[in-house]
Amino acid sequence: GSLLVTLPGDALTEYRLPLLQVGKVILFEELILQRIDELLAAGETVKVYDLLICVERGIPGWKETAPRFEKYLLVEARLQAKKKSYSAALSLLTELQKRNSSHPEVAGEYGQVTELMLVEALAEQNYAKVKFLVQRLARLFPDHPVAARWKARLSEVAGEKLGRGQQLMQQ
């Protein structure tokens, strides 16, 4: 048997290659996935997203695309967290959790970003935000250590505030 090939830019000329001489056939989409892996390693997520969309349009629902999309979401979330765009990072991690709730890194990353937001909210004395963040983390990841730690911390702060209020009432 043989493989019929046309080259880009010369669609009129056909070449027949004996199958015995063909070591491997690589799909265009596979080449794009290789490029995606390289770009993810370099942290160039804007290009990655565009390439992922290109592959998704070419082969909708392809199983090879899913892990790259998950990696993209994780890398982009980390980049957003480094830029202190914590809400954007959590949105990306939430999407990752929806796509693959058993992803090995999503709970840890979600906890780290949430904790950064909790520290800021507590410093601003925004207790409603602290409560919201802790509850959301506990809802998504019921046994998350960051949620447990911050539940205890929020109780401590409430106790301190109550104690101060009682002292002021007695004066």
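# Helix packing and salt bridges

Student: Which residues of α6 do Y110, G111, T114, M117, L118, A121 and L122 in α5 meet?
Tutor: The model is a predicted one, and in it the α5 side of the contact consists of Y110, G111, T114, M117, L118, A121 and L122. By class, the residues of the contact of α5 with α6 divide into 11 nonpolar, two polar and two charged. On the α6 side, the residues met are Y127, K129, V130, L133, V134, R136, L137 and L140.

Student: Are α5 and α6 roughly parallel or roughly antiparallel?
Tutor: Helix α6 covers residues 127-140, and α5 packs against α6 with the axes 8 Å apart and at an angle of about 165°. Because an angle over 145 degrees counts as roughly antiparallel, the relation of α5 to α6 is described as roughly antiparallel.

Student: What is the handedness of the crossing in which α5 passes α6?
Tutor: The angle of about 165° and the axis separation of 8 Å describe how α5 and α6 pack. As for handedness, the crossing in which α5 passes α6 is left-handed.

Student: How far apart in sequence are R149 and E115, which form a salt bridge?
Tutor: The closest N and O atoms of R149 and E115 are 2.9 Å apart, and the two residues form a salt bridge. This pair links distant parts of the chain, since R149 belongs to helix α7 (residues 145-170) and E115 to helix α5 (residues 106-123), and their separation is 34 residues.

Student: Is E115 buried, partly exposed or exposed?
Tutor: Its salt-bridge partner R149 has 45% relative accessibility and counts as partly exposed. For E115 the relative accessible area is 22%, and because buried means under 20% while exposed means over 50%, E115 is classed as partly exposed.

Student: Within which helix do both E38 and R35 lie?
Tutor: E38 and R35 form a salt bridge whose closest N and O atoms are 3.2 Å apart. E38, at 48% relative accessibility, counts as partly exposed, and R35, with a relative accessible area of 40%, is also partly exposed. The two residues are three apart, about one turn of the helix, and both lie in helix α1 (residues 28-42).

Student: Which residues are linked with K63 and E64 in a network of salt bridges?
Tutor: K63 and E64 form a salt bridge, with the closest N and O atoms 3.6 Å apart. Of this pair, K63 is exposed at a relative accessible area of 64%, whereas E64 is partly exposed at 30%. The count for the model comes to 11 salt bridges, and the residues that share a network with K63 and E64 are D37 and R68.

Student: Leaving aside its neighbours within four places in sequence, which residues is R16 in contact with?
Tutor: R16 has its place in strand β2 (residues 10-18) and counts as exposed at 61% relative accessibility. From R16 to V157, 141 residues away along the chain, the C-alpha atoms are separated by 76 Å. With those sequence neighbours set aside, the contacts of R16 are S2, L3 and L4.

Student: What is the C-alpha to C-alpha distance between P18 and S2?
Tutor: P18 is found in strand β2 and is partly exposed, with a relative accessible area of 37%. Beyond its neighbours within four places in sequence, P18 is in contact with G1 and S2. Although P18 and S2 are 16 residues apart in sequence, their C-alpha to C-alpha distance is 4.3 Å.

Technical notes: Residues are numbered from 1 along each chain as its sequence is written. This is a predicted model: local features need pLDDT of at least 70, side-chain atom pairs count only at pLDDT 80 or more; totals for chains, interfaces and linings use all residues. Side-chain values use heavy atoms; hydrogens and water are left out. A salt bridge is a side-chain nitrogen of Lys or Arg within 4 Å of a carboxyl oxygen of Asp or Glu. Helices (H or I, at least four residues) and strands (E, at least two) are DSSP runs, numbered from the N terminus. Buried means under 20% relative accessible area, exposed over 50%, partly exposed in between (1.4 Å probe, protein chains only). Axes are lines fitted to C-alpha atoms, for helices over the stretch in contact, and angles run from 0 to 180 degrees between N-to-C directions. Angles under 35 degrees count as roughly parallel, over 145 as roughly antiparallel, 65 to 115 as roughly perpendicular and the rest as oblique. A crossing is left-handed if the near helix is turned anticlockwise from the far one by less than a right angle, and right-handed if clockwise. Contact means heavy atoms within 4.5 Å. Ala, Val, Leu, Ile, Met, Phe, Trp, Tyr, Cys and Pro count as nonpolar, Asp, Glu, Lys and Arg as charged, and the others, Gly among them, as polar.
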